[in-house]
Amino acid sequence: MKQPAERNEVIARLRGEILSTRGPVFSSHSHEYPDLGPLNRAFPEDYFPFRGTHEFISHNSETAAATLGFMAAMLSRLMKGPEMAIWVGVHRTLFPPGLKAFCLVPDRIIFVDLVSEKDMLWVVEECLKCNALAAVVGEIPDVHPIAFRRLQLAVEKSGVPCLLHRHRPRNVENTVCTTRWMITPVASITDDGLPGVGYPQWQVALLKVRNGRPGNWQLSWDGQQFQHSSTERMEEQHVHIKAG
């Protein structure tokens, strides 16, 4: 476990890196809400809830990979301004150059790799207090309810959203999270039957959203935005033609 002096040194270094890329002015988030395509209507007043903790649950390596891809796509929608993001983990499974497929520039993300989950939770909480960030991502399997409340309090004060990937959690209990998601991979479909790999597709289950409307969607990422998957669009067209 890190001593207080070591912890303060870590935070000072992180703040220095943020300021060196953005300048000395700390400003709150703009009022421009991210466009999450078909997901917008699930949120209160059709706006993504910035001031919240967003929990993503995965139970195996396949769903974990899909979840990381979906989170990267969501993060790209949150990073429309000049702010940077911080990604905290213990065993990094993310390949930073691969983020470019989701319109993310790896140089705008500070990756923090730690040894213990306790230290990681502390770093996530401290980073959430810095309103110069676009978002803080943490890969933490288990979070105690009291720690969850501390994260939520930090988010409400700074306005910086927190995205938590909980891979193989011991318990999936009720928490104060603003949203809870489960992402399942779906085989991609190439346009016009061309060979190769198509855009990423997922089965997206929004299990919980405070004051919103949970639901299920089959979504794809077209390189810049979420949209209904090719299969879902074809089904909608079929229904429309049949009804006509």
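This report covers the nonpolar cores, aromatic pairs and salt bridges of a predicted model.

The largest nonpolar core has 39 residues, and Leu39, Phe70, Leu75, Ile109, Trp181, Trp202 and Val204 touch the most other members. At least two residues of this core come from each of α2 (61-78), β2 (84-89), β3 (109-113), β4 (133-139), β6 (179-186), β7 (201-209) and β8 (215-221). Helix α2 gives the largest share, nine residues. Leaving aside residues up to four places away in sequence, Leu75 touches Ala85, Trp87, Leu104, Ile109, Ala135 and Val137. A separate second core of 28 residues includes Met84, Val143, Val160 and Cys162.

There are 13 aromatic pairs. Ring pairs join Phe43, Phe48, Phe50, Phe56, Phe70, Phe102, Trp181, Trp202, Trp221 and Phe226 into a cluster.

The structure holds seven salt bridges, among them the three tabulated here.

| Salt bridge | Closest N to O distance |
|---|---|
| Glu55 with Arg180 | 2.5 Å |
| Lys129 with Glu126 | 3.0 Å |
| Arg170 with Asp142 | 3.5 Å |

In the pair of Arg170 and Asp142, distant parts of the chain are linked: Arg170 lies in the loop between β5 (162-167) and β6, Asp142 in the loop between β4 and α4 (145-158), 28 residues apart. Arg170 counts as exposed because its relative accessible area, 67%, is over 50%. Asp142, at 19%, is buried because the value is under 20%.

Glu126 is buried at 16% relative accessible area, whereas Lys129 is partly exposed at 46%. Both Glu55 and Arg180 are buried. A network of salt bridges links Glu55, Asp142, Arg166, Arg170 and Arg180.

Technical notes. Residues numbered from 1 in each chain as written. Predicted model: local features only at pLDDT ≥ 70, side-chain atom pairs only at ≥ 80, totals over all residues. Heavy atoms only, no water. Phe/Tyr/Trp six-rings, centres within 6.5 Å; stacked < 30°, edge-to-face > 60°. Core = buried A, V, L, I, M, F, W, Y, C linked by side-chain atoms within 4.5 Å. Buried < 20%, exposed > 50% of the residue type's maximum accessible area, 1.4 Å probe, protein only. Helix = DSSP H or I, 4+ residues; strand = E, 2+ residues; numbered from the N terminus. Contact = heavy atoms within 4.5 Å. Salt bridge = Lys/Arg side-chain N within 4 Å of Asp/Glu carboxyl O.
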